[in-house]
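Reader: Please show me the model, and then justify the terms used to describe it.

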Amino acid sequence: MDHFLYRDGALYAEDVAIADIAAEVGTPFYVYSTATLTRHFRLFDEALDGMPHLVCYAMKAASNQAILKTLAGLGAGMDVVSGGEYARAIAAGVPGERIVFSGVGKTRDEMRQALIGGIRQFNVESEPEMAALNAVALELGTVAPITVRVNPDVDAKTHAKIATGKSENKFGIPIARARDVYAHAATLKGLKVIGIDVHIGSQLTELEPFRLAYEKVGELTEALRADGHEITRLDLGGGLGIPYTRSNEAPPLPTEYGALIKETLGHLGCEIEIEPGRLVAGNAGLMVTKVIYVKSGEDRQFLILDGAMNDLIRPAMYEAHHDIVPVIEPAPGTEQTPYDIVGPVCESGDTFAKGRLMPPVSEGDLVAFRSAGAYGAVMSSEYNTRPLIPEVLVHEHQFAVIRPRPTFDEMINRDTIPEWL
Ligand code: LLP
């Protein structure tokens, strides 16, 4: 459920008309709903009621300071994967003890930054990384709390580019080697082992892969405890999928996911962490664009928008589907017409959808991409020297620009000219 609904014939974000935002900030832009962000975060938090837990929002999905502050205010922790994300979390007021550091290639500088600034735990992904973290912690005269990310060799049944839990993926250590790796970790004075971490992929639309992975984590917990390790925390990653179409898709609900966690791991008495990104932010955001031209090709109509692949890369990169709807509500019974929906960037990959059935739209009309809140703005670029598009946050009847559109001068002046030129 989200808070982008038609009202009196026009699309609204909560109590604000999308067209009013467009008139003030121009197109294209991203708009997020505070109520949807809040609702989605709470669904996870409540799904884990009765177990000690922390929901660590995977801020890679959408990391604007205003979004982070909104979630931090609800008690969210943060899952970060770079020094930049760590700095963003701290800047948004998230205390170090609510930040977990994930990622397959943490540098020594990033480790230092987090150890000095405060960290809940590092999710360590390899033995070389473990050695480096141990050395950095000793050098700083501290002890780094860690989990080890295990790779359970489970098929997440999602797009190949976002599956992470199979043995051929670069993530984690093979679960079969976990006991040896934990035994080694226990000998390192700069590290304190506190738990186990797993994350098998993103946009999972079934619970079964989670069940397989979590059962393996449960067995490993018992084996490691028998080996004498204190396993008190389980980080179960993110990955729960969202409906990208309004029609037939119905991925499992956070409540069902929470129930599965209780069923598979509840008996262990561990503190549970989860790292949802997409489900918190995905359906809490739209990308709003304007139709520049409707162009007739030989056998098709092209809808040329002012938004492009540099603003929303998901269709070009993962063949992802986003529902695209007109901002003016079509009259009931309006006949749909097929369009190839494209952006102005100079490559054919800049195509959002082919033969997409939509109510007829004309030059100048606004259209909105649904489910664009996660992995939208954060993956955008200035390709073709197109400015990063603004982000707007709505709260009931108010809205605010939370990242302005840069001017051409601002973009150009980031370049510097070497003295020989
Ligand atoms: N934790 C870890 C360690 C992760 O690698 C990820 C996502 C998450 C949590 C959050 O997963 P989520 O709940 O959002 O599924 N750009 C792609 C998605 C990449 C996901 C990467 N890792 C897309 O647009 O579909």
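Author: The turns below concern one helix and two pockets. The model is predicted, so local features need pLDDT of at least 70 and side-chain atom pairs pLDDT 80 or more, while totals for chains, interfaces and linings use all residues. Residues are numbered from 1 along each chain, and side-chain values use heavy atoms, without hydrogens and water.

Reader: What makes helix H3 mostly covered?

Author: H3 spans residues 65-72; a helix is a DSSP run of H or I of at least four residues, numbered from the N terminus. Six of its eight residues are buried, where buried means under 20% relative accessible area with a 1.4 Å probe, protein chains only. They are Ala66, Ile67, Leu68, Thr70, Leu71 and Ala72.

Reader: Why is Asn64 said to cap H3?

Author: A polar contact is a pair of N or O atoms within 3.5 Å, one able to donate a hydrogen and the other to accept it. A side-chain oxygen of Asn64 lies 2.8 Å from the backbone nitrogen of Ala66, at the N-terminal end of H3.

Reader: How do you know that the largest pocket lies between domain 1 and domain 2?

Author: Domain 1 (4-31 + 282-412) and domain 2 (103-274) both give residues to its lining, so the pocket lies between them. The domain bounds come from an automatic or database domain assignment.

Reader: Which helices each supply at least two residues of the lining of the second largest pocket?

Author: Helix H2 (34-47) and helix H9 (254-265) do so; H2 gives the largest share, three residues.

Technical notes:
Buried < 20%, exposed > 50% of the residue type's maximum accessible area, 1.4 Å probe, protein only.
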